[in-house]
Amino acid sequence: MKFFVDTASLDEIREANDMGVLDGVTTNPSLMKKEGDVDFHERIFEICELVDGDVSAEVTATDFDGIMEEAHTLAKIHDNVVVKVPLILDGIKALNALRDEGIPTNCTLCFSPTQALIAAKAGATYISPFMGRVDDISSDGLNLVQQVVEIYDNYGYETEVLAASIRHPMHVVECARMGVDVATMPLDVIKKLLHHPLTDSGLERFLDDWADYQNQQKEAAAA
Ligand code: E4P
């Protein structure tokens, strides 16, 4: 399973990268807004230079020509760029055209299995079902991802399932059990994957006992 970090913050990306488990990055316009006064294209370049993996950069045009123009500009920034395209009619047309040009894509804002099916037929490199946002409206984000995985497996689609809008470690566990290709998550969730209170208390006890043992050795040597 690949881990992507869902952020445009260089500090957060560095921290995730330093853990040695990072396979890529996803950004979106809202994450860019959080960064304040930074140039979008420059920031995407900086992220690509930091991370050895795919970096999703989103178009904001909603018509075919506009999406294609932005996609070409983004793809020129760096070889790691994956163009993020919204799951709308002109976005689907653009996915087809970008596939023909060999430009990798991440089809974003997927909330139904039918949308995911269309994106795969259009040749998206990644499909991003938004689990947390589905849960937010009292529906079942895991079930959405499960359906997408099942449909793609049935037909051998090459589009990779990139579980997005992940809110907590159990989303990641369930995605891993389903064989999802990629999970993109905030840094905070990546860090939580590591924690277990029994590891912390177990380590504390081992270190205390080790200190006692060393004292015993010293006392024995001095006797
Ligand atoms: C994915 O590519 C999106 O950027 C992201 O996962 C959206 O997450 P959110 O619902 O927490 O904003």
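Helix 2 supplies the largest share of the lining of the largest pocket, three residues. The model is predicted, and everything below is computed from it.

**The largest pocket**

The largest pocket holds about 370 Å³ of space. Its lining counts 23 residues. Nearest the centre lie Asp6, Asn28, Leu31, Lys34 and Arg133. Two elements give two or more residues to this lining: helix 2 (29-34) and strand 8 (182-185). What is the chemical make-up of the lining? It divides into seven nonpolar, nine polar and seven charged residues.

**Strand 1 and its partners**

Strand 8 also takes part in strand pairing, where it runs parallel to strand 1. Strand 1 spans residues 2-6, and four of its five residues are buried. The strand is thus described as mostly covered. Strand 2 (residues 24-26) is another parallel partner of strand 1. The table sets out both pairings.

| Pairing | Direction | Bridges | Partner of Val5 |
|---|---|---|---|
| Strand 1 with strand 8 | parallel | four bridges | Met185 |
| Strand 1 with strand 2 | parallel | three bridges | Val25 |

Val5 therefore has a partner in each neighbouring strand under the DSSP pairing used here: Met185 stands opposite in strand 8, and Val25 is the bridge partner in strand 2.

**Lys84 in strand 4**

Lys84 is found in strand 4. Is this lysine buried or exposed? Lys84 counts as buried because its relative accessibility is 4%, and the cut-off for buried is under 20%.

Which residues touch Lys84, leaving aside neighbours within four places in sequence? Thr26, Thr27 and Asn28 are among them. Ser56, Ala57, Glu58 and Val59 are also in contact with Lys84. Asn106 and Thr108 complete the list. Of these contacts, Asn28 also appears among the residues nearest the centre of the largest pocket.

**Helix 4**

Helix 4 covers residues 64-77, with 14 residues. From first C-alpha to last it reaches 20 Å. That is close to the 20 Å expected at 1.5 Å a residue.

Which residues of helix 4 are buried? They are Gly66, Ile67, Met68, Ala71, Leu74 and Ile77. An α-helix has 3.6 residues a turn, so residues three or four places apart point the same way.

Where do the buried residues of helix 4 pack? They lie against two helices and two strands: helix 3 (40-50), helix 5 (89-101), strand 3 (54-58) and strand 4 (81-86). Strand 4 is the element that holds Lys84.

Notes
Residues numbered from 1 in each chain as written. Predicted model: local features only at pLDDT ≥ 70, side-chain atom pairs only at ≥ 80, totals over all residues. Heavy atoms only, no water. Expected span 1.5 Å × (residues − 1). Buried < 20%, exposed > 50% of the residue type's maximum accessible area, 1.4 Å probe, protein only. Contact = heavy atoms within 4.5 Å. 1 Å grid on protein atoms, 1.4 Å probe; cavity = no way out; pocket = protein on both sides within 12 Å on 5 of 7 lines; lining within 4 Å. Points joined across faces, edges and corners; volume = space filled by probe spheres on them. Nonpolar A, V, L, I, M, F, W, Y, C, P; charged D, E, K, R; others polar. Pairing = 2+ DSSP bridges.
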